[in-house]
Amino acid sequence: MFLHSYLPVCFYIFILLYCIRPSQWSPRGFLHRFYDPRYFAAGLENQIYHPFTNRAKPPPCSRSRPGRRSIPSPSRRCPQRPAAPPLPPPAPSRRRRGRPGPGQPGGFPGSGGFGGRPRRGVQARAVPGAQVLLNMPSEQQTAVKYYVGVDVGSASVRAALVDGAGTVLAHAEQPIQVWEPQPDHYEQSSADIWAACCSVTKEVVRGVDASQIRGLGFDATCSLVVVDKQFQPLAVNSEGQSHRNVIMWMDHRAASQVKRINATQHRVLSYVGGAMSVEMQPPKLLWIKENLPESWEKVGYFFDLPDFLSWKATGVTARSLCTVVCKWTYTSDRGWDDSFWKMIGLEDLVKDKYEKIGVIGADVKGHNLPCENQPITSRVAMICGTSSCHMGVSESPIFVPGVWGPYFSAMVPGLWLNEGGQSATGKLIDHVVRGHVAFPELEAKAEASAHSIYTYLNSHLDLIKKSLPVGFLTVDLHVWPDFHGNRSPLTDLTLKGMVVGLTLSRGLDELALIYLATIQAIALGTRHILEAMQAAGHEITTLFLCGGLSKNPLFVQMHADITGKPVVLSKEVESVLVGAAILGACASGDFASIQEAMAKMGKIGKVVQPNHEHKRFYDKKYKVFLKLVEHQREYRSIMNSL
């Protein structure tokens, strides 16, 4: 049975999964941020082959042929897709950390966020480079039902085996390649991503009876995948490297294109905060047309990465409402706006009738939260990894300058979504820490103590704070965090990062302080976004956090203290993967509704309260924070007057 739903945009697995009473959801109310069960093989043993329900057939992919999968029967009318070309040999030393050289594969801090080091646990037996954590139940497994969630982040693919109570039983992770051929150009390979999806899924189900795997759910970043009419990858680079066919969400190559798009002041821009972000898909499409005419002529399909994974799993090319609404300017009531595409120079998409781009929580009672007896519109979910997103819903459309949306029914059917965000958070923290001269000392001491570098830094801050609260250590050290431009609420990709208060000190103490100041700057940026949303009409009382950075207690406490709002964390640390598994559970038919699946599998784990006695200090920090960007613009004005 296929269950009608909505697809994810980006890798946001909405943390409201862990905070919303089941009665507040419609039967379709959560699937928007995961994978549409109509379009992947979830609990469909007799309809579409997948590796969990029919081991007699060949596996969907193998290590020697990472782009292959079994083709569904002709009765499904799925397009035949030849294998993708093989990838060049990976460079393991560059996939761990550090900045890749021009045109070379490399890695950067991913959505794992907190820790930045391989997790301890049982090493994967079959897949080099993967890490697997196992917490299997007792030997009596015959009646147990399991679900698999797959999360495609910026730097790795993860999978989890989850039981009907929402407990993660096995967890696998494998890195994926990232190329940076020139500044602000970030590319990936769809074949590499799909091969990693297959590998980690096989690992988490190893040793489990296939009949007990009931459903599968995906989530992914909102990167752009480009393939030709035969579904073969097309180059998105001037080098002609076709295996690099994905423009990542964080890619800023289309700066001039988005500037021209925003200059049109077309009415669709009012639904993206008044100005389109360079991270959305229309400017990237325009860049390809203007800079890669050969690839443009050969294009058969443009996919958001979640839609691409859906097609790979099932052969169905249909797109989701959520995907095309949030990143492509589609509206649920009017559809595509022909005049917009013609005005920006992409009229060929209109002529093709848009064929290339698509046709179309747990109970919070008992935790003394201010949102306990209030509607879900009083809550903001923050998904914090490589970047961060701030998701809030309303019963009527709220237009927030600099914040994406309002998008109708894009996340919760019947409600309007606003989406704020910060383009670099986990990546920024890692950039600041690893770029400091004292990093080798930190790395050595963290390894000697058997802790991650961030756990060690948190402990070091506790040592040097003396009688002061930790946050007060940055009284004369301030950071403006837009090292990769500002997504919300200023929508200015030309803004740069700023640090005020540096000294000649080069030791571990100074590294710990700049690390703390960077975390505080990210939290101050969140406050900036929340205040913009509240000024426009949102009433926000509580934050719900998930993603890699939510594992860092300092990051969480700073967000509580600086915003003045309680922060809710899920019981399961890998909440994103649990959310994807819930989708698979709902699609399997084991639960009567998504509400029932959420109630049984999603649970609140911890509530972090703000230290209200520190309010005056952080109010002053916020005042300085706003002055930093004001001064940056003044400096720019002075220099531009030459």
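Buried means a relative accessible area under 20%, exposed means over 50%, and partly exposed lies in between, with a 1.4 Å probe and protein chains only. The model is predicted, so that local features need pLDDT of at least 70 and side-chain atom pairs count only at pLDDT 80 or more, while totals for chains, interfaces and linings use all residues. Residues are numbered from 1 along each chain as its sequence is written, and side-chain values use heavy atoms, with hydrogens and water left out.

**Exercise 1. Positive phi in two loops**

Task: Find where Gln 265 lies, and state whether Gln 265 is buried or exposed.

Solution: Begin with the position, which is the loop between helix 3 (255–263) and helix 4 (281–291); helices (H or I, at least four residues) and strands (E, at least two) are DSSP runs, numbered from the N terminus. Next take the backbone, where phi of Gln 265 is near 55°, a positive value in a residue other than glycine. Finally, Gln 265 counts as exposed because its relative accessible area is 67%. A second case is Lys 353, in the loop between helix 9 and strand 12, which has a positive phi of about 55° although it is not a glycine. Lys 353 is exposed, with a relative accessible area of 69%.

**Exercise 2. The surroundings of Gln 422**

Task: Place Gln 422 in its element, and list its contacts beyond four places in sequence.

Solution: Gln 422 belongs to strand 15, which covers residues 416–422. Its relative accessible area is 8%, and therefore Gln 422 is buried. Once neighbours within four places in sequence are set aside, the residues in contact with Gln 422 include Met 382, His 390, Arg 487, Ile 522 and Ile 529, where contact means heavy atoms within 4.5 Å.

**Exercise 3. Helix 12 and its cover**

Task: Compare the span of helix 12 with the expected value, and say which elements cover its buried residues.

Solution: Helix 12 runs over residues 453–464, has 12 residues and reaches 17 Å from its first C-alpha to its last, close to the 16 Å expected at 1.5 Å a residue; the expected span is 1.5 Å times one less than the number of residues. The buried residues of helix 12 include Ile 453, Tyr 456, Leu 457, His 460 and Ile 464. Among the elements that cover the buried residues of helix 12 are helix 10, helix 11 (439–448), helix 13 and helix 14 (553–563). Just after helix 12, Lys 466 takes a positive phi of about 60°.

**Exercise 4. Two cis peptide bonds**

Task: Locate the cis bonds that lead to Pro 406 and to Pro 489.

Solution: The bond from Gly 405 to Pro 406 is cis, with omega near 10°, and Pro 406 is found in strand 14, residues 404–408. Ser 488 and Pro 489 are also joined by a cis peptide bond, with omega about 0°, but Pro 489 sits in the loop between strand 16 (478–480) and strand 17 (498–500).

**Exercise 5. The protein as a whole**

Task: Count the helices and strands, and give the share of buried residues.

Solution: The protein has 17 helices and 20 strands, and buried residues make up 62% of its 642 residues.
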